[in-house]
Amino acid sequence: MKPLERIIETAKQAPRRIVLAEGEDPRIVEAAVRARREGIAEITLVGNRGVIERRLADVGADPQEFRIEDPQASPLASRLAAAYHELRKAKGVDEAAAVGALRSPLIFAAMMVREGEGDGTVGGAVATTADTVRAALQTIGRAPGVGLVSSFFLMMLCQPHHAKKGAFVFADCGLVVDPDAAGLADIARMSARSYQALAGGAAKVAMLSFSTNGSAAHERVSKVVEATRLAHAADPDLVIDGELQFDTAFVEAVSASKAPNSALHGEANVFVFPNLDAANIGYKIAQRIGGADAIGPILQGLAKPANDLSRGCTAEDAFHMIAVTVVQAQAR
């Protein structure tokens, strides 16, 4: 079974309630209709009720089959605004500002999830990544015991020319600019859990660098070495190695030559990059030159799932992100 097929089938086993913040967008409506028809999620569409109902009718769907919440008129608005005020008053948000904030579909959707009206949310088809992530951080917040919210891309190698096929995690490609050693260790541990939830196999984590096992001496190499130590100390059962160059982590023959004692043996499936520069460049090279399918950025470390789409996404991209969000919610 291909990785995406597995995620969709897993989502079908226990559908969750997913709140789509940009319910007026035709791509989101198309994805919502498919998600409901394929039985992966119960969908809430947030936005202007009249617009959403017309969009649903345009694709032959019955609006009565969907929950629609209009932030301007929803009976939930006052309760969510009160909860948002309580949450943010220490940051200077008064009652009037809270009411105004809940008119934002992103804030409204995230507060629905926080208050138990949904199990996860997806945005970003219209809004920027910064706005989408900020809404999630300010409302849903970090999971207990998590020091850092980060992101990853699920990279699918499924083309005939790919020597290895399957799902791989690249982190952090979209959020944390320059994590310190402790932050990098957090990213490694969360990425391993994300891989296990979505891909269904045991995570093998490579902490990437321009050095392999001391082949270069630099403070940036030392950061990766320390991050590897911290991650392993926090989770002794985690299969992890670093610092490693990418080819050593990915190619068995190179691993045998450069790092014969590595626990990974060139079979890593989770790749933790030392900073956002390297990670963002790396996933785009894999996508654009290597032909990998990239799903993300997927957020990790939140108390409940909230994910970000690209503004250039397709309806299929949105459908896949709904499925990912359902599987994340199942793992809670």
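**Exercises on a predicted model**

**Exercise 1. Determine how far apart arginine 229 and glutamate 226 lie in helix H9, and characterise their pairing.**

Solution. Arginine 229 and glutamate 226 both belong to helix H9 (residues 219–234), and because they are three residues apart, about one helical turn separates them. The structure under study is a predicted model. The next step is the general geometry: an α-helix has 3.6 residues a turn, so residues three or four places apart point the same way. In this helix, the side chains of arginine 229 and glutamate 226 meet in a salt bridge, with an N to O distance of 2.7 Å. That value satisfies the criterion of a side-chain nitrogen within 4 Å of a carboxyl oxygen. Finally, consider the surroundings: arginine 229 has a relative accessible area of 47% and is partly exposed, and glutamate 226, at 29%, is likewise classed as partly exposed.

**Exercise 2. Identify which parts of the chain are tied together by the pair lysine 258 and aspartate 247.**

Solution. The contact itself comes first: a salt bridge joins the side chains of lysine 258 and aspartate 247 at 3.5 Å, N to O. Lysine 258 is placed in helix H11 (residues 252–258) and aspartate 247 in helix H10 (residues 246–250), so the pair ties together parts that are eleven residues apart in sequence. The accessibility of each partner completes the description. Lysine 258 is partly exposed, at 37% relative accessible area, and aspartate 247 is partly exposed at 31%.

**Exercise 3. Establish what the salt bridge of glutamate 65 and arginine 36 connects, and place this salt bridge in the wider set.**

Solution. The side chains of glutamate 65 and arginine 36 form a salt bridge of 3.6 Å, N to O. Glutamate 65 is in the loop between helix H3 (49–58) and strand E3 (67–69), whereas arginine 36 is in helix H2 (residues 26–37); the pair therefore ties together parts that are 29 residues apart in sequence. Glutamate 65 is partly exposed at 41% relative accessibility, and arginine 36 is partly exposed with 27%. Turning to the full set, the structure holds 18 salt bridges. A network of salt bridges links Arg67, Glu69, Arg79, Glu115 and Glu117.

**Exercise 4. Describe the packing of helices H4 and H6 by distance, angle and residue composition.**

Solution. Two packed helices are described by the angle between their axes and the distance between the axes. For helix H4 (residues 77–88) and helix H6 (residues 105–114), the axes come within 10 Å and cross at roughly 85°. This angle makes H4 roughly perpendicular to H6, because values of 65 to 115 degrees fall in that class. On the H4 side, the contact is made by Ala77, Leu80, Ala83, Tyr84 and Leu87; on the H6 side, by Ile107, Phe108, Met111, Met112 and Arg114. Sorting the residues of this contact between H4 and H6 gives nine nonpolar, no polar and one charged.

**Exercise 5. Compare the span of helix H13 with its expected value, then examine the residue threonine 314.**

Solution. Helix H13 (residues 315–330) contains 16 residues and reaches 23 Å from its first C-alpha to its last, close to the 22 Å expected at 1.5 Å a residue. Of the 16 residues of H13, 13 are buried, and the helix is mostly covered. Threonine 314 is located in the loop between strand E11 (306–308) and H13. Threonine 314 is partly exposed, with 39% relative accessible area. Its C-alpha lies 8.8 Å from that of alanine 31, although the two residues are 283 apart along the chain.

**Exercise 6. Locate the backbone exceptions involving aspartate 172, proline 297, asparagine 213 and histidine 265.**

Solution. The reference point is general: most residues other than glycine have a negative phi, and most peptide bonds are trans.

- The peptide bond from alanine 171 to aspartate 172 is cis, with omega near -15°; aspartate 172 is in the loop between strand E6 (166–171) and helix H8 (181–199).
- Glycine 296 and proline 297 are joined by a cis peptide bond with omega of about 5°; proline 297 belongs to strand E10 (residues 293–300).
- Asparagine 213, not a glycine, has a positive phi of about 50°. Asparagine 213 is in the loop between strand E7 (204–208) and H9, and is partly exposed at 45% relative accessibility.
- Histidine 265 has a positive phi near 55°. Histidine 265 is in the loop between H11 and strand E9 (270–272), and is partly exposed with 44% relative accessible area.

Definitions and conventions. Residues numbered from 1 in each chain as written. Predicted model: local features only at pLDDT ≥ 70, side-chain atom pairs only at ≥ 80, totals over all residues. Heavy atoms only, no water. Helix = DSSP H or I, 4+ residues; strand = E, 2+ residues; numbered from the N terminus. Expected span 1.5 Å × (residues − 1). Buried < 20%, exposed > 50% of the residue type's maximum accessible area, 1.4 Å probe, protein only. Axes fitted to C-alpha atoms, helices over the stretch in contact; angles between N-to-C directions. Parallel < 35°, antiparallel > 145°, perpendicular 65-115°, else oblique. Contact = heavy atoms within 4.5 Å. Nonpolar A, V, L, I, M, F, W, Y, C, P; charged D, E, K, R; others polar.
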